[in-house]
Amino acid sequence: MLYTVVMRENKDFLNMYKKGRYITSKYSVIYVKPNNRPFNRFGITAGKKIGNAVARNRAKRLIRLAYQKAEVKLPVGIDIVIVARSGILGIKSDEYCGYFNKYGINEIEKNGSMLDIELINKYNEEYENIKENYIRSSMLEETMSLNYIK
């Protein structure tokens, strides 16, 4: 993930449940809260209501995949926790990715109106600069390796 750190602390998850805004659907519940940092923090939960370990891991895989595909479209400087619901098990990965791109990102941006827009814009500009530098350096490495082969 480009500009995302994984949340691991229980206190961070509890803080999200108490103070974050939430978006519900039949597949998942998305909690969003500003973190005032130059990166996003991301967490996934799948409770035992979802099913056995195989089902929970599949749900987490689907959510992780959808987030990774949509990461560049999300604003920077937010905490996101996605809680899986049992409806996610009955769909394919492409369907959830499409749902997350179509509805999840829009809802996160709508609920992002509470976020500090200037701070997010600053972080998005920094991210774009980092992204451009990364692309330039990878292109440079590629041309150098081609020259080395010759």
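The following questions and answers cover the sheet, the salt bridges, the cores and the confidence of a predicted model.

Trainee: Which element has the lowest confidence in the protein chain, and which the highest?

Mentor: The protein chain averages a pLDDT of 85, and 81% of the residues score at least 70. Helix α4 (residues 117-149) is lowest, at a mean of 65. The highest confidence, at 96, is in β4.

Trainee: What is the strand order of the open sheet?

Mentor: The sheet has five strands with mixed pairing. Its edge strands, each pairing on one side only, are β1 (4-6) and β2 (21-24). Neighbouring strands are turned against each other by 20° on average, direction ignored. The order is β1-β4-β5-β3-β2.

Trainee: How many bridges join β4 to β5, and do they run parallel or antiparallel?

Mentor: Strand β4 covers residues 40-45 and β5 covers residues 78-84. One of the pairings links G43 to V81 in β5. The two strands run parallel, and the number of bridges joining them is five.

Trainee: Which strands does helix α2 touch, and what angle does its direction make with that of β4?

Mentor: Helix α2 spans residues 53-70 and packs on the sheet. The strands it touches are β1, β4 and β5. Its direction makes an angle with that of β4 of about 155°.

Trainee: How many salt bridges does a search of the whole structure find, and which residues are linked in a network?

Mentor: The search finds two salt bridges. D12 pairs with R41, the closest N and O atoms being 3.4 Å apart. D79 also pairs with R41, with the closest N and O atoms 2.9 Å apart. The residues linked in the network are D12, R41 and D79.

Trainee: How many residues apart in sequence are the parts that each salt bridge ties together?

Mentor: D12 lies in helix α1 (residues 10-19) and R41 in strand β4, so this pair ties together parts that are 29 residues apart in sequence. D79 lies in strand β5, so its pair with R41 ties together parts at a sequence separation of 38 residues.

Trainee: Is R41 buried or exposed?

Mentor: Buried means under 20% relative accessible area. D12, at 16% relative accessibility, counts as buried, and D79 is buried too. R41 has 14% relative accessibility, so R41 counts as buried.

Trainee: Which residues does R41 touch, not counting residues up to four places away in sequence?

Mentor: R41 lies in strand β4. Its salt-bridge partner D12 is among the residues it touches, and so is its other partner, D79. The full set is T4, V5, M7, D12, N35, I78, D79 and I80.

Trainee: Which element gives the most residues to the largest nonpolar core?

Mentor: This core has 30 residues, of which I80, I88, Y96, F100 and I108 touch the most other members. The elements that give two or more residues are β3 (28-34), β4, α2, β5 and α3 (93-111). With seven residues, the one that gives the most is α2.

Trainee: How many residues make up the other core, which lies apart from this one?

Mentor: Members of this other core include M7, F13, M16 and Y31. I80, from the largest core, touches M7, M16 and Y31, among others. The other core nevertheless lies apart, and its number of residues is seven.

Terms used:
Residues numbered from 1 in each chain as written. Predicted model: local features only at pLDDT ≥ 70, side-chain atom pairs only at ≥ 80, totals over all residues. Heavy atoms only, no water. Pairing = 2+ DSSP bridges. Helix = DSSP H or I, 4+ residues; strand = E, 2+ residues; numbered from the N terminus. Axes fitted to C-alpha atoms, helices over the stretch in contact; angles between N-to-C directions. Contact = heavy atoms within 4.5 Å. Salt bridge = Lys/Arg side-chain N within 4 Å of Asp/Glu carboxyl O. Buried < 20%, exposed > 50% of the residue type's maximum accessible area, 1.4 Å probe, protein only. Core = buried A, V, L, I, M, F, W, Y, C linked by side-chain atoms within 4.5 Å. pLDDT = per-residue confidence, 0-100.
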